[in-house]
Amino acid sequence: MSESAQINAQILGAKSTADIAGNEFLAFTLGKEEYGIDILKVQEIRGYEAVTRIANAPEFVKGVVNLRGIIVPIVDMRIKFNLGEPTYDQFTVVIILNIGGRVMGMVVDSVSDVITLSAEQIKPAPEMGTAFNTDYLIGLGTLDERMLILIDIDKLMSSSEMGLIEKIAA
């Protein structure tokens, strides 16, 4: 990561709509919906490969992989968000994230592109019964006819139920 990217990551610690204006988001799909996460949290994107299952892990934790000597827990977001039975094909990818110095992976259906959104393109998340708690949402990003559900990946991955990842990987 470049020095300017690291400085930007530090500056963007607080996530209000104004803070994320002009940020780049990695767009990915889960089921029929398109989501976005802060590109600065993404370390790399890999094809899905077999994982080593961990006993007594929650169902959404698929297991761990050895990534160049680092044991990385892998979370299947389709299971986490109750989006039906996951299928693994040539489009299935693992987004390797670096969150607070911890490396973890999340399985998604596919990755489409990187999108830059301005403050006007980010709308607050509506309060409604979604597949997951709206505390994890930054908002909704609109780009022409596309709508991205913007996830605060820091909050989601450090939430109490995801905190199990810390215990498993330790």
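**Exercise 1. Classify Arg46 by its accessibility, and then do the same for its salt-bridge partner Glu44.**

Step 1. In this predicted model, Arg46 has a relative accessibility of 25%. Buried means under 20% and exposed means over 50%, so Arg46 counts as partly exposed.

Step 2. Glu44 has a relative accessible area of 18%. That value is under the 20% cut-off, and therefore Glu44 is buried.

Step 3. The side chains of Arg46 and Glu44 meet in a salt bridge, with 3.4 Å from N to O. Side chains of opposite charge can pair when their charged atoms come close.

Step 4. The pair belongs to a network of salt bridges that links Glu44, Arg46, Glu49 and Arg68.

**Exercise 2. Place strand S3 in its sheet and find the residue opposite Arg46.**

Step 1. The order of the strands is S3-S6-S7-S5-S4, in an open sheet of five strands with mixed pairing. Strand S3 (42-47) and strand S4 (61-67) are the edge strands, each pairing on one side only. From one strand to the next, the twist averages 30°.

Step 2. S3 runs antiparallel to S6, and five bridges join the two. Strands of a sheet pair through backbone hydrogen bonds, either parallel or antiparallel.

Step 3. The residue opposite Arg46 is Val94 in S6.

**Exercise 3. Describe the pairing of S6 with S7, and decide whether S6 is enclosed or open.**

Step 1. Strand S6 covers residues 93-99 and strand S7 covers residues 102-108; they run antiparallel and are joined by seven bridges.

Step 2. Two of the partners can be read off as examples. Ile95 has Met106 of S7 as its bridge partner, and Ile96 has Gly105 of S7.

Step 3. The two strands form a hairpin with two residues between them. In the turn, Gly100 has a positive phi of about 55°.

Step 4. S6 is largely enclosed by the rest of the structure, because six of its seven residues are buried.

**Exercise 4. Describe the surroundings of Asp76 and name its salt-bridge partner.**

Step 1. Asp76 lies in strand S5 (residues 70-76). Its relative accessible area is 0%, so Asp76 is buried.

Step 2. Leaving out residues up to four places away in sequence, Asp76 touches Phe60, Lys62, Pro86, Tyr88 and Val107.

Step 3. The salt-bridge partner is Arg78, and the N to O distance is 3.2 Å. Both Asp76 and Arg78 are buried.

**Exercise 5. Which parts of the chain does the salt bridge between Arg146 and Asp113 link?**

Step 1. The side chains of Arg146 and Asp113 meet at 3.1 Å, N to O. This pair links distant parts of the chain: Arg146 is in strand S11 (residues 146-151) and Asp113 is in strand S8 (residues 110-116), 33 residues apart.

Step 2. Arg146, at 27% relative accessibility, counts as partly exposed. Asp113 is also partly exposed, at 30%.

Step 3. The search of the whole structure finds eight salt bridges.

**Exercise 6. Summarise the whole protein: its elements, burial, contacts and surface.**

Step 1. There are five helices and 11 strands.

Step 2. The protein has 170 residues, of which 44% count as buried.

Step 3. Among contacts with a separation of 6 or more, 55% are between residues 24 or more positions apart.

Step 4. The protein exposes about 8900 Å², and carbon and sulfur atoms supply 51% of that area.

Definitions and conventions
Residues numbered from 1 in each chain as written. Predicted model: local features only at pLDDT ≥ 70, side-chain atom pairs only at ≥ 80, totals over all residues. Heavy atoms only, no water. Helix = DSSP H or I, 4+ residues; strand = E, 2+ residues; numbered from the N terminus. Buried < 20%, exposed > 50% of the residue type's maximum accessible area, 1.4 Å probe, protein only. Contact = heavy atoms within 4.5 Å. Areas by Shrake-Rupley, 256 points an atom, 1.4 Å probe, with all protein chains shown as cover. Pairing = 2+ DSSP bridges. Axes fitted to C-alpha atoms, helices over the stretch in contact; angles between N-to-C directions. Salt bridge = Lys/Arg side-chain N within 4 Å of Asp/Glu carboxyl O.
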